Amino acid sequence: MPADSFDAIIIGAGQAGTPLAYALADAGRRVAMVESEALGGSCINYGCAPTKALLASAQRAHQVRTAGELGINAPEPDVDFAAVIGRMHRLRQNSRDSLHRKITEDHEGITLIRGRAQFTAPHTLRVALVVGGEQQLTAPLIFINTGTKAAVPELEGLADSGYLTSDSLLLNLTEQPEHLIIMGGSYIGVEFGQMFRRLGTRVTIVDTKPRLMAREDPDVSHPLEACLAEAGVELVLGADVRRVSRAADGSITLTVDAKAGERRLHGSHLLVAVGREPNTQELGLEHTGVKLDEDGYIEVNEHLQTGTRGVYALGDVKGGPQFTHIAYDDYRIVRDALLHGQQRGTADRPLPYVVFTEPQLGRIGLSKSQAKEKGIAYRVSRLPARTIGRAVQTGETEGFVEVLVGEDDRLLGAAVFCEQGGEIMTMFQLAMAGRLRYQELEDMILAHPSWAEVLNNAFQRLKPGE
């Protein structure tokens with residue numbers, strides 16, 4: 001069967017591949033986009049968008065529940081879980097439909113092919129079509145944007161337990177869990193834990209580490225632990241899960257080795273949130289010069305090029321930080337190199353991220369432990385949220401703002417765990433991008449009363465790092 005020839009083939013319609021298809025097509029290139037599942041990648045289907053839709057419902061329920069603190073008496077909210085889930089599905093489908101229109105109608109030159117792609121040679125693909133049959137494709141440029149899937153550990157009884165992952169939960173869950181047990185206390189675990197607790201579900205988080213979000217500094221993760229515990233989330237930390245069993249009535253039991261000895265945790269549903277793994281196993285990369293690292297991620301250089309000329313990897317499948325905004329920047333790096341003659345790489349690009357608990361945790365730049373590891377001298381200021389005027393007025397006084405400053409008085413990083421934490425962190429990121437000294441932020445005229453005024457007083461407690 002002769003191969004259909006294109007200028008570029010993009011495998012995966014995620015947050016790097018889709019805008020790249022637009023840009024190449026608008027520049028006059030013939031582009032084939034191959035996608036075996038829903039358009040939009042993880043962000044739209046089982047990541048950012050559906051999660052934040054559920055979080056909005058959970059936060060609204062919490063606001064009603066706590067309105068009495070501001071003098072507004074309201075009854076306990078009646079959570080209609082089916083309506084909450086239905087709203088999430090509608091928003092997701094709207095995004096999928098919008099993407100389909102853009103790909104098939106708004107950008108001439110893109111051919112959407114629904115199927116699973118596999119390399120048969122460095123620049124040739126065989127696509128097993130969703131509708132049946134095969135199609136051969138070839139192009140001098142191929143972009144792998146196949147993303148990741150939820151990692152599932154080998155654990156006695158787990159395969160037969162009817163467990164959920166964040167992917168399957170957001171795609172298939174229809175009933176509200178009575179008691180959700182979450183294996184994994186990192187970013188997904190804490191977001192889902194608080195969210196389901198606020199929707200009225202009992203929640204238990206189990207993690208092998210002695211604290212939640214162990215990659216963060218202890219004085220960042222401990223306040224978040226306290227926040228979740230105060231909300232009624234049970235934390236079982238420093239515990240190894242030994243086996244999982246499912247009873248005839250559908251209930252699930254986890255047997256764990258905890259600090260105080262063996263424990264049995266009983267719940268109605270189990271969410272496995274222990275990490276992600278790349279979708280590279282069925283790509284046929286053995287027919288190319290593309291190499292994988294020990295975890296199965298595609299190895300690339302700072303320009304996102306693999307070991308095969310003309311083959312790139314973008315987004316989560318290449319390893320490193322797994323965020324939508326990083327995937328989108330991967331697209332910009334490739335776009336600028338191919339279409340604008342500009343060489344920019346992944347080295348030293350900023351890595352902002354937000355954990356969408358409430359309060360939010362916004363992070364940019366170096367943490368204290370990272371600065372110590374790199375031998376970078378720093379000063380640190382930690383401002384309790386209760387000292388922020390806007391926080392007092394709104395009753396959102398939980399958390400802190402922490403900023404690291406270098407010897408040249410410029411910002412090295414920030415951890416913002418308070419209301420609007422992600423937005424405040426972004427202001428510090430802009431200051432870092434502009435290489436502003438902290439004194440310039442202190443003297444800036446900012447609207448009052450606003451969360452932005454944190455920039456004026458965040459450095460009041462500046463002291464040498466330990």
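**Notebook: backbone exceptions in a predicted model**

I began with Pro 449, which I found in the loop between helix H12 (438-442) and helix H13 (454-457). The model is predicted, and I kept that in mind while reading its backbone angles. I then looked up the peptide bond that leads from His 448 into Pro 449, and noted that the bond is cis, with omega near -5°.

Next I turned to Pro 359, which sits in the loop between strand S19 (353-355) and strand S20 (360-365). Here, too, I recorded a cis peptide bond, joining Glu 358 and Pro 359, with omega about 5°. I wrote these bonds down because most peptide bonds are trans.

I went on to phi, since most residues other than glycine have a negative value. Asp 409, in the loop between strand S22 (400-405) and strand S23 (411-418), has a positive phi, near 70°. Is Asp 409 buried or exposed? I looked up its relative accessible area, which is 17%, and because buried means under 20%, I entered Asp 409 as buried.

On the other side of strand S23 (411-418), I came to Gln 420, which lies in the loop between S23 and helix H11 (421-433). Its phi is positive as well, near 65°. Gln 420 has a relative accessible area of 30%, which falls between the limits of 20% and 50%, so I entered Gln 420 as partly exposed.

How values were computed: Residues are numbered from 1 along each chain as its sequence is written. This is a predicted model: local features need pLDDT of at least 70, side-chain atom pairs count only at pLDDT 80 or more; totals for chains, interfaces and linings use all residues. Side-chain values use heavy atoms; hydrogens and water are left out. Helices (H or I, at least four residues) and strands (E, at least two) are DSSP runs, numbered from the N terminus. Buried means under 20% relative accessible area, exposed over 50%, partly exposed in between (1.4 Å probe, protein chains only).
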